[in-house]
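Hi,

Here is the structure I said I would pass on. Have a look at it first, and then read my notes below.

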Amino acid sequence: MTDHPWQNDLEPLKGIVSARAMKGETMLLNMGPQHPSTHGVLRLLLELDGEEIVTCNPEIGYLHTGIEKSMESKTYVKAITMTDRMDYLNPPANNLVFVMAIEKLCGLEVPPRAQVIRVILLELMRIASHLVWLGTFGLDLGAMSMFLYTFREREHILHIYEMVSGQRMMGTYFRPGGLWRDVPDGFVPAVRDFLDYFPQKLRDYERLLARNPIWMERTKGIAPITGKQAMAWGLTGPSLRGSGVNFDVRKAMPYSGYEQYDFDIPLGPDPGDVYDRYWCRFQEMWQSLRIVEQALYKLPGGPVTADDRKYTPPPRSEIGVSMEALIHHFKYWTEGIRPPVGEVFTVIEAARGLMSCYLSSDGSPHVHRVHFRQPTFMHISALPHMAPGFMLADIIAILGGIDIVLGDVDR
Amino acid sequence: MQLKDPVASLRAELPGAVLDVIEALDETTVVTDRASLPHVLAFLRDTPGLQYNFLVDITGVDYLGYTPPAPERFAVCYHLLAMLSNRVLRVKVYVPEADPVMPSILAQWPAANWPEREIQDMLGLDFAGHPDKRRLLMPQDWDGHPLRKDYPLGYETVQFSFNWQEIDAKKPYAKE
């Protein structure tokens, strides 16, 4: 065996790539961090034998912004704005998991109207997030037109979110104890319009893809995962349910009043491949529509924030007439809230899977330690188990099947 | 199947492993030590009636300067979920600053791979037995562990007339 000039460079990769790569028998290829199908800045160190993948090592951290560290220097209310930026395709769920942790710590009761509005926005954003996934997944596998259609529909949802929060994506609309403010008058008609308009489009997408022979060829039989494997690797959400494991946090540990809604959990076979994960995600959009419809029907009146002046700001109308309200207003926006000492753990079902928040408080107005368990972080960590044995082109389908967002992975 | 209480079962089957139990805000925290951690986690997973079969998350916490003072500077929290009974349990281990080494549970829990690497990268706790010790999020040649409490955020102190000398002394001017 001849000495290769780059042999010493491979020394740090010992044990990570196979021994054949060290001798130069297989090819090491960097896919990313600027590859369009990695949806952000993911680098995959692929070891290829011909076109077949021998090992696959994801390298993350290119989008690491230190959100957890930055949040430690901010007050609780300011820290909520950082959570939007994690999974930027589904910001309300990020808000919710953090806000729920604060509410649990402070013992805040969220009014029913706020809960229902939260559910409507969460499910609409779940659809929006799945639309981005469907469009880019289609784009990567050659179904170009899907991208244009799904982004057109997503714009309707972002319009609704802008209407309530003032921002298309990073709304920070959920606050401890409820919402930033009540929804405007045009909210209910806008959501109703979307409910009338969207099912026809969803049926169109189904006709475009579901039995398309090229689509089936690219996704069927790729990266099959058994339910046992999926649980061991920490897969959650549609990636887990695509392998036939019936676990959805909305059903298992209901939050925000999800137990009041009637919806089904789409399940794939065991073992499930990329097509089954696609199918589960797609069917989830129908279920989200069902939830939004029920929530809109039962949308109650009443306040949208809890009535606890230590943890929620007073309404504007009170500030002019009440000295206490003025003091609370001033303390809330300058010093921030002081949750009691303790640690909490909250779990929700985000668009991509189980998202959890560990929050530790030392009684000061600043976050002591916060940690988010992001679904796609675990999904990418399972990639070295899923990819070997498949072709280079299949890695794009596998990545699409687990629906990654790099802001979510790196934080 | 009869559901069992995790704390009572642990106390009965693994005496000495449960150092403390904290019940707060509908959450149960079992404090254990480093040596018995793999046994505690395996017991919680494999015992019928408990079956905490899903490792949700591993988190490291730095308690430097925390009031009330914690037993040791670092803690690692393991969050387990039982998918059959929908219960969550937190297993907590305190790690001293002088000997920041944890046992890796990767062999029993494949999902622990990246969370352990993340803690190693961000808090500087070593996971003995983990096969891949490269940094996960930070660059490979990075100095320090950002989530430690004594790691600076990078802001500069605001300069006033009374402290400008103090700030000026720390400024990185070019050396002569």
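Let's start in chain A. A:C280 counts as buried, because there are 23 C-beta neighbours inside 10 Å and 20 are enough for that label. You'll find A:C280 in helix 12 of chain A, which covers residues 274-298. Leaving aside residues up to four places away in sequence, A:C280 touches A:P238, A:R241, A:G242, A:P266 and A:G268. As for A:A223, that residue is 57 residues away from A:C280 in sequence, and the two C-alpha atoms are 16 Å apart. Keep in mind throughout that this is a predicted model.

Next, the place where the two chains meet. Chain A puts 33 residues into the contact and chain B puts in 30 residues. On the chain A side, at least two residues each come from helix 2 (67-72), helix 9 (227-232), strand 6 (342-349), strand 7 (354-361), strand 8 (369-373) and helix 15 (375-381). That side of chain A is made up of 15 nonpolar, 11 polar and seven charged residues.

Now for chain B, where five strands make an open, mixed sheet in the order 1-2-5-4-3. Strand 1 (20-24) and strand 3 (54-62) of chain B are at the edges with a single partner strand each, so one side of each has no neighbour in the sheet. From one strand to the next, the twist averages 20°. Strand 2 and strand 5 of chain B run parallel and are joined by four bridges. B:T29 sits opposite B:R90 of strand 5 of chain B. Helix 1 of chain B packs on the sheet, where it touches strand 1, strand 2 and strand 5 of chain B, and its direction is at about 20° to that of strand 2.

Helix 2 of chain B lies across strand 2, strand 4 and strand 5, at about 175° to strand 5 of chain B. Which residues of helix 2 of chain B are buried? They are B:V40, B:L41 and B:L44. These three are on the same side of the helix, because they cover an arc of only 95° around the axis. They pack against helix 1, strand 2, strand 4 and strand 5 of chain B.

One last residue: B:P100, in the loop between strand 5 and strand 6 of chain B. B:P100 has 17 other C-beta atoms within 10 Å, so it is partly exposed. Not counting residues up to four places away in sequence, B:P100 touches B:F74, B:V95, B:G124, B:L125 and B:D126.

Cheers

Definitions and conventions: Residues are numbered from 1 along each chain as its sequence is written. Chains are lettered from A and ligands numbered from 1 in the order in which they are written. This is a predicted model: local features need pLDDT of at least 70, side-chain atom pairs count only at pLDDT 80 or more; totals for chains, interfaces and linings use all residues. A residue is buried if 20 or more other C-beta atoms lie within 10 Å of its own, exposed if 12 or fewer, and partly exposed in between; C-beta atoms are placed from the backbone. The arc is that of the directions from the helix axis to the C-beta atoms. Two residues are in contact if their C-beta atoms, placed from the backbone, lie within 7 Å. Ala, Val, Leu, Ile, Met, Phe, Trp, Tyr, Cys and Pro count as nonpolar, Asp, Glu, Lys and Arg as charged, and the others, Gly among them, as polar. Two strands pair if DSSP finds at least two bridges between them. Axes are lines fitted to C-alpha atoms, for helices over the stretch in contact, and angles run from 0 to 180 degrees between N-to-C directions.
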